Amino acid sequence: MVRFLEFLGAPGLRVLEKLGNMVIFFYQFLFWAIRPPYKVRHIIKQINFIGVKSLFVIFLTAFFTGGVLGLQGFYTLQKFGAEGLLGAAVALSLLRELGPVLAALMVTGRAGSAITAEIGIMRITEQIDALKTMAVNPVKFVVVPKIIAGIIAVPLLTAMFDVVGIYGGYMVGVELLGVNKGAFFAEMKTSVEFKDIYVGFLKSLSFGVIITWITCYEGYYTGHGAEGVSKSTTNSVVLSSVMVLIWDYFMTSVLI
Amino acid sequence: MIELVNVTKRFGKQVVLDGISMEFPVGKISAIIGRSGIGKSVLLKHLIGILRPDSGSVLVDGLDITKMGEIQLNEVRKKFGMLFQGAALFDSMTVFENVAFPLREKTRMKEKEIRDRVEEKLEALDLSGMGDKYPDEVSGGMKKRVGLARALIQNPDIILFDEPTTGMDPMMETAIHLMIMEAQKRFGFTAVIVSHEIPEIFHVAHRVAMLHNGTIVEDLPAEEFQNSSNPITQQFISGRIDGPIKVA
Amino acid sequence: MRKLSTEAIVGVFVLMGIFSLVYISLKLGKLEIMSSDYYTIFADFENASGVREGADIELAGVIIGRVEKVLVHNDMARLALRIRKDIKLTNDTIASIKTRGLIGEKILKLNPGGSDTIVKPGGVLNETESTVDLEELISKYIFGGV
């Protein structure tokens, strides 16, 4: 019986311990983020890595996501004779849900894994320790620019995802399937509220934090050797993807 | 001066440092020798606060660094330079940027001045012309020398060397040892070297201590150390397999 | 051509992102930064059931503004209406709540009156037609009284 309880308790404790450590890690981030000096150069470098280098994949996925929304929406709405609402359907799905979530998942896959691997390698090759010996705080030097860059880059990528996605929906709906162009945009404008955009923006902002927070944490506390780093990298991508989706649900239920 | 008082460190159930008390005298080169994996690097990392002991204290110039927060600790760390086993160079930066890093991050020095100082150090360590290469483009020995240049660049009071000559050819080894000795004589810094270069280390270090099973079994001036009658020390120096140290 | 610095590329990226954000906010979100293009008047209704903030206001079938707020004033429903500045309304304008389509959203229709007095910003429209209560209408029809 005690065995069984232990069997149940051990993973629970591990999860709690990890959660606690992650919170402490985030606290450290906040502490060092507000402490001068602010090295804007490092942040720009990270925005370049997280944001600019993700542009291509974001544009590509956005265009096809918008396109498939156009296709699916068209065939569903056609049943009710309401093809005119296609613009509204595409824009609302993108702004409220798909834009923030898919952009976040793309960034996780492309930049998140690299963040974990980079910090993990710095850990196992003692570069993190070397920073400490030079009186440079590794959280400030390595982690802070990445999380700040995530907070800046992810919402911007999401906004671009939305625009390109709507364009993709337009190409498929209007140019390919022949929905009336005027109706497409007019319905879009009447049904989209500022709140929809605001909610999407808040979501993407929090996703930016979640992705960089988790991937930095996993790298910073990686295991031993190359195997440890590869394990952390897998973990961090899975964990941050899952957290993005779970958090999305909570945000939606609160802000809807 | 650095002083360890009753320092104990465990990793899980394994006791790596078991109540160690010792001193590293100012302006001298102290060496810590011992078998691989015995915890020499762990001991070294305690001196600069990268690792914190489970109990006991580490005094740097009379201040206990084990009780300090990161910010206070960083002030103390400015006195230090450290060379890591694997050199621990930043692999996203060139050799030049690596050596310049402490100056760029921690001082308000002008770029021209930084350039001069870095070039001077690179030249002194036989690395001129290597500035634009990345760490993975140079040999292991060169990496070590770059790491050394980075440790020396701020002319620190105390320099910690974690196996500075591992992975070098004998000539380079001698050159590095000579360089450490000369630099030490010139700048008078306190040095702590973790090494298992026997017998060369006896010519480099003023004092030698041997770490075994979590304790310091011998801590003597270099000349006396070689003639120590301690069976553990003798077995280690002579490299015999039979003796009190069990070779797995 | 000289290779662009990281800073410049990131600058372009940030501009693109902000442009996208502003574009969707202004074009789709109807975020009105220049609020001076509009003025606000009020209209009191006995029953404003189903009218939401943001509902369109139409004059002769043209959207000329939107319902800014739904309030209660002296046991009446008071709607704050944001009207385009170039539209002048007379004080006998009739405001009626209509449904777009059979079961669509509620909108506000304005029918101009014949008076010479123009409603000033902050003024109140008193001639209103409230929501047609479908349920009431049907029961009246069944039980007589129409």
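This passage describes the interface of chain B and chain A, the make-up of chain C, and the surroundings of Thr165(B) in a predicted model. Local features need pLDDT of at least 70 and side-chain atom pairs count only at pLDDT 80 or more, whereas totals for chains, interfaces and linings use all residues. Residues are numbered from 1 along each chain as its sequence is written, chains are lettered from A and ligands numbered from 1 in the order in which they are written, and side-chain values use heavy atoms, with hydrogens and water left out.

At the interface, 20 residues of chain A are in contact with 24 residues of chain B, contact being heavy atoms within 4.5 Å. The area buried between the two chains is about 1,900 Å²; buried area is the accessible area (1.4 Å probe) that two parts lose on being put together, summed over both. Carbon and sulfur atoms give 59% of this area. Of the area that chain B buries against chain A, 26% comes from Ile71(B), Phe90(B) and Glu105(B), more than from any other three residues.

Three salt bridges are found across the interface of chain B and chain A, a salt bridge being a side-chain nitrogen of Lys or Arg within 4 Å of a carboxyl oxygen of Asp or Glu. The side chains of Glu105(B) and Lys39(A) form a salt bridge at 3.9 Å, N to O. On the side of chain B that touches chain A, the elements giving two or more residues are helix H2 (70-77), strand E6 (80-83) and helix H3 (95-106) of chain B. Helices (H or I, at least four residues) and strands (E, at least two) are DSSP runs, numbered from the N terminus. The largest share, five residues, comes from H3(B).

Chain C has two helices and eight strands, and their order along the sequence is α-β-β-β-β-β-β-β-β-α. Of the 146 residues in chain C, 33% are buried, that is, under 20% relative accessible area (over 50% is exposed, in between partly exposed; 1.4 Å probe, protein chains only). Among contacts in chain C with a separation of 6 or more, 64% are between residues 24 or more positions apart.

Thr165(B) lies in the loop between strand E7 (158-162) and helix H6 (170-187) of chain B. Thr165(B) counts as buried because its relative accessibility is 2%. Not counting residues up to four places away in sequence, Thr165(B) touches Glu173(B), Ile176(B), His177(B) and Glu197(B).
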